[in-house]
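Trainee: Please choose one part of this model and take me through it closely. I would like to follow the contacts step by step and then see how the part sits in the whole chain.

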Amino acid sequence: MSEHIITGIDVGTFHVKVAIARIPKNAGAGTKPEIIGTGLAESRGLRSGYIMHDADVARSIKSALIQAEKSAGVTVKRAHVAIGSIGLEEMYSHGEIIPSRADSEVTTADLDKLMQDSEERVVDRIPNRRILHGIPLRYAIDGAEVLGRPQGLKGTKLEVDSLFITTYEQHVSDLIKTIEGLGIYVEDVIASPLAASFVLLSKAQKRAGCVLTNIGAETTSI
């Protein structure tokens, strides 16, 4: 098994930042990636996080990529992209299904179907927007809240309260088009505030509840 290379691109209004990480060969579960290269360039062609001049944005991204590739000694072909524009919004939804198994036991496939039902209930209310993340907040079986994991439990009705993080479809499409125009395949798009929480907040902080604020040049995210 060869080492796995992961690249992240954050296109901000002030700076474009690129980070290249490596997961070593034969790495076990929970192995943290090692940062092997970074790049930073002044952003041009954006306003409040939105692309106004795609050619200028492409040059800024290319400049940061070249720096990161040179320091890492690799050529980037795929990347994950962070979005932190003012277009980020959240919407709550509810979903419910009947477990598919004859014995009414909840399976992982049921949970996927449940989140799909929850998503379908909000899609018509968010024209021109794309769902970036669907996050289950709490499950219930036959009206009783599930405190652990629902898989393996039995019941006649499975419910979920969920949170969906969305952004403007046009903004995502423009950003992906600009990056892929440089020969970089966009593997996934993630909301910057959520990505930052994985890096900066401990489990204790998340359990207690806290505010993580990123104050940028023209936008502030929480």
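Mentor: Two residues are in contact when they have heavy atoms within 4.5 Å of each other. Keep in mind that this is a predicted model. The part to look at is the surroundings of Asp117, which belongs to helix α2, residues 108-123. Once residues up to four places away in sequence are set aside, Asp117 touches His94, Gly95, Glu96 and Ile97. One of these, Glu96, offers its backbone nitrogen, and the side chain of Asp117 reaches that atom at 3.0 Å. Is Asp117 buried or exposed? Asp117 counts as buried because its relative accessibility is 18%, and the limit for buried is under 20%.

Now go to Glu159, which is placed in strand β10. Glu159 is also buried, with a relative accessible area of 13%. Its contacts, leaving aside neighbours within four places in sequence, include His94, Gly95 and Glu96. Those three residues appear among the contacts of Asp117 as well, so start from them when you trace the two acidic residues on the screen. The side chains of Glu159 and His94 are joined by a polar contact of 3.1 Å. Glu159 is in contact with Leu114 too. The C-alpha atoms of Glu159 and Met115 are 9.3 Å apart, although 44 residues separate the two along the chain.

Another contact of Glu159 is Arg138, and Arg138 has a partner of its own. Side chains of opposite charge can pair when their charged atoms come close. Arg138 forms a salt bridge with Asp161, with 3.7 Å between the closest N and O atoms. Arg138 is in strand β8 (residues 129-141) and Asp161 is in strand β10 (residues 158-168), so this pair ties together parts that are 23 residues apart in sequence. Arg138 counts as partly exposed at 40% relative accessibility, and Asp161 is partly exposed at 27%. Set these beside the buried Glu159.

Other salt bridges can be found elsewhere. The count for the model comes to 9. Among them is the one between Arg101 and Glu105, at 3.9 Å from N to O. Arg101 is partly exposed, with a relative accessible area of 38%, and Glu105 is partly exposed at 22%. Asp103 joins Arg101 and Glu105 in a network of salt bridges. The side chains of Glu42 and Arg44 also meet in a salt bridge, at 3.4 Å from N to O.

For a contrast with the buried Asp117, look at Val199 in helix α4, residues 192-200. Val199 counts as exposed, at 67% relative accessibility. Together with Phe198 and Leu200, Val199 forms a nonpolar surface patch with about 360 Å² of accessible area.

Last, the whole chain. The protein chain has 5 helices and 13 strands, and buried residues make up 38% of its 222 residues. Of the contacts with a separation of 6 or more, 67% are between residues 24 or more positions apart. The accessible surface of the chain is about 13000 Å², and carbon and sulfur atoms account for 51% of it.

Key:
Residues numbered from 1 in each chain as written. Predicted model: local features only at pLDDT ≥ 70, side-chain atom pairs only at ≥ 80, totals over all residues. Heavy atoms only, no water. Helix = DSSP H or I, 4+ residues; strand = E, 2+ residues; numbered from the N terminus. Buried < 20%, exposed > 50% of the residue type's maximum accessible area, 1.4 Å probe, protein only. Polar contact = N/O pair within 3.5 Å; in protein donor to acceptor, adjacent residues only side chain to side chain. Patch = residues over 30% accessible without salt bridge, like charges linked within 9 Å, V, L, I, M, F, W, Y side chains within 5 Å. Areas by Shrake-Rupley, 256 points an atom, 1.4 Å probe, with all protein chains shown as cover. Salt bridge = Lys/Arg side-chain N within 4 Å of Asp/Glu carboxyl O.
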